[in-house]
Amino acid sequence: MTVRKRTAVVGLGHQATSDHLPGLGQCHLAELAGVCDVDASQVAAVADTHQVPGFTDVEHLLKQVRPDFVIVAVPHHAGREVVAACAEAGVHVMKEKPFATDPHEAAELAALCDKTEIELMVTVQRRFHPVYPAALALLERIGDPYLVEGRYTFHCPDPAAGWRGRAKLAGGGCLADMGYHLIDLLLWYLGLPDRVLATVSAAAVPGAAYDAEDTALVHLAYDSGLYGSLLVSRSAGPKTERLAITGPHGTLTVERGIARLLDPAGQVVESLVREPAWPCPPAALIDRFCRVLDGTAVNPSGPAEHLPHAAFLAAAYASAPTHRPADPKEFLA
Ligand SMILES: NC(=O)c1ccc[n+]([C@@H]2O[C@H](COP(=O)([O-])OP(=O)(O)OC[C@H]3O[C@@H](n4cnc5c(N)ncnc54)[C@H](O)[C@@H]3O)[C@@H](O)[C@H]2O)c1
């Protein structure tokens with residue numbers, strides 16, 4: 001009989017209540033053993049619904065529940081402290097993206113995970129969705145890529161709301177938050193660019209009090225000659241998500257649940273469709289992490305894989321006020 005791993009969820013906001021907590025109910029390999037949030041009323045409500053002990057302090061949760069792993073879904077500024085507490089207690093972590101808010105924090109946490117020998121997996125869902133790895137296998141069909149275009153947009157009516165409106169708390173704006181998924185695909189498929197130049201703005205709601213950019217355009221260039229851009233916005237609808245990579249023999253496009261290979265004139269040569277397109281079930285991610293812990297699956301999204309993401313973001317944010325390109329490799333701590 002399978003012994004389910006005992007997990008605790010820390011941070012009981014939107015992502016935990018819409019994805020992780022319902023997902024745990026459908027897991028084959030894990031079960032909920034405790035919950036934690038700094039908001040006592042949220043703890044009481046969730047603990048009561050799921051009939052598990054609740055805590056407002058992560059250290060108490062770790063001592064009393066002694067979970068096998070923790071799912072961390074806290075605001076970006078709180079991630080370091082929660083991940084460090086888990087690592088110091090020798091408890092594995094499934095971390096909501098981003099891994100860290102800057103290259104220094106990323107390097108420090110990666111070293112701590114190494115030292116304490118904990119496994120940490122960042123939940124960038126596309127890595128676990130069947131279409132995105134399949135698209136990678138199609139990439140070689142287009143020849144050496146020379147152009148990349150990424151776009152990820154949706155409309156959030158109040159960009160000033162909560163910690164996401166403050167760059168210091170969120171570690172940036174839309175580029176660091178939702179843009180992390182597009183950056184993850186770019187780095188996974190094509191590697192770290194040699195130069196990035198970002199333009200960012202927080203102008204979608206004039207008069208609203210926020211400094212975290214709602215829109216960002218990042219120009220990219222590689223020494224190979226490949227160049228392109230990523231456009232990310234949480235104010236400009238409609239909802240779109242697309243990455244297109246073009247080479248001499250055609251274009252590979254990836255959208256939610258569908259990858260297409262186009263000929264150089266733009267005609268579809270073949271497509272891979274996944275139905276339903278979305279989501280990547282949270283239960284599948286959690287069970288996958290249990291297999292990583294058992295040593296029967298690999299972790300495609302560990303700390304080392306996410307150091308380049310922090311470097312990319314730091315370079316983009318460094319370039320924006322100077323209007324000059326920055327080399328992300330110089331930001332790899
Ligand atoms: N993978 C995805 O597609 C996806 C989607 C949405 C959010 N997220 C990520 O999930 C994380 C949480 O986002 P959210 O939208 O749920 O935010 P949220 O603001 O809705 O919830 C965060 C919760 O964490 C709690 N919290 C704050 N500091 C804490 C601490 N030190 N210890 C314990 N709890 C603490 C808050 O009280 C709040 O209840 C972020 O990292 C975000 O980027 C990922």
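These are legends for a set of close-up views of a predicted model.

**View 1. The shell around the ligand.**
Here we zoom in on the ligand and its neighbours. The shell holds 26 residues, and those that come nearest are Gly-11, Gly-13, His-14, Gln-15 and Glu-96. Two elements give two or more residues each to this shell, namely helix H1 (14-25) and helix H4 (79-88). H1 supplies the largest share, with 3 residues. Sorted by class, the shell has 11 nonpolar, 9 polar and 6 charged residues.

**View 2. Helix H1 against helix H9.**
What sits against H1? Look at helix H9 (residues 282-294): its axis and that of H1 come within 8 Å and cross at roughly 70°. That angle makes H1 roughly perpendicular to H9. On the H1 side, the contact is made by Asp-19, His-20, Gly-23 and Leu-24. Their partners in H9 are Pro-282, Ala-283 and Ile-286. The class count for this contact is 4 nonpolar, 2 polar and 1 charged. H1 is also the helix with the largest share of the ligand shell, so views 1 and 2 go well side by side. 

**View 3. Helix H3 alongside helix H4.**
H4, another contributor to the ligand shell, is shown here with helix H3 (residues 58-65). The two helices pack at an angle of about 25°, and their axes are 10 Å apart. H3 and H4 are therefore roughly parallel to each other. As for handedness, H3 passes H4 in a right-handed crossing. From H3, the residues to pick out are Val-58, Glu-59 and Leu-62, which meet Val-82, Ala-85 and Cys-86 in H4. By class, this contact has 5 nonpolar residues, no polar ones and 1 charged.

**View 4. Helix H8 crossing helix H10.**
This close-up takes in helix H8 (residues 179-190) and helix H10 (residues 303-322). Their axes come within 10 Å and cross at roughly 115°. The crossing is right-handed. Tyr-180, Ile-183, Asp-184 and Leu-187 are the H8 residues in the contact, and they meet Pro-308, His-309 and Phe-312 in H10. Sorting these residues by class gives 5 nonpolar, 1 polar and 1 charged.

**View 5. Where the two domains touch.**
How is the protein chain divided? Domain 1 covers 5-126 + 281-302, while domain 2 covers 130-276. Measuring from one C-alpha centre to the other in the model gives 27 Å between domain 1 and domain 2. The contact takes 9 residues from domain 1 and 10 residues from domain 2. On the side of domain 1 that touches domain 2, the classes come out as 3 nonpolar, 3 polar and 3 charged.

**View 6. Two cis peptide bonds.**
Anyone setting up these coordinates may want to look at two prolines here. The peptide bond from Lys-97 to Pro-98 is cis, with omega near 0°. Pro-98 belongs to the loop between strand E5 (92-96) and helix H5 (103-116). The other cis bond runs from Gly-237 to Pro-238, again with omega near 0°. Where is Pro-238? Look in the loop between strand E10 (227-233) and strand E11 (240-247).

**View 7. A positive phi at Gln-51.**
The last close-up is on a single backbone torsion. Gln-51 is not a glycine, yet its phi is positive, at about 55°. This residue sits in the loop between helix H2 (40-50) and strand E3 (54-55).

Notes: Residues numbered from 1 in each chain as written. Predicted model: local features only at pLDDT ≥ 70, side-chain atom pairs only at ≥ 80, totals over all residues. Near = placed C-beta within 6 Å. Helix = DSSP H or I, 4+ residues; strand = E, 2+ residues; numbered from the N terminus. Nonpolar A, V, L, I, M, F, W, Y, C, P; charged D, E, K, R; others polar. Axes fitted to C-alpha atoms, helices over the stretch in contact; angles between N-to-C directions. Parallel < 35°, antiparallel > 145°, perpendicular 65-115°, else oblique. Left-handed = near helix turned anticlockwise from the far one by under 90°. Contact = placed C-beta atoms within 7 Å. Domains from an automatic or database assignment.
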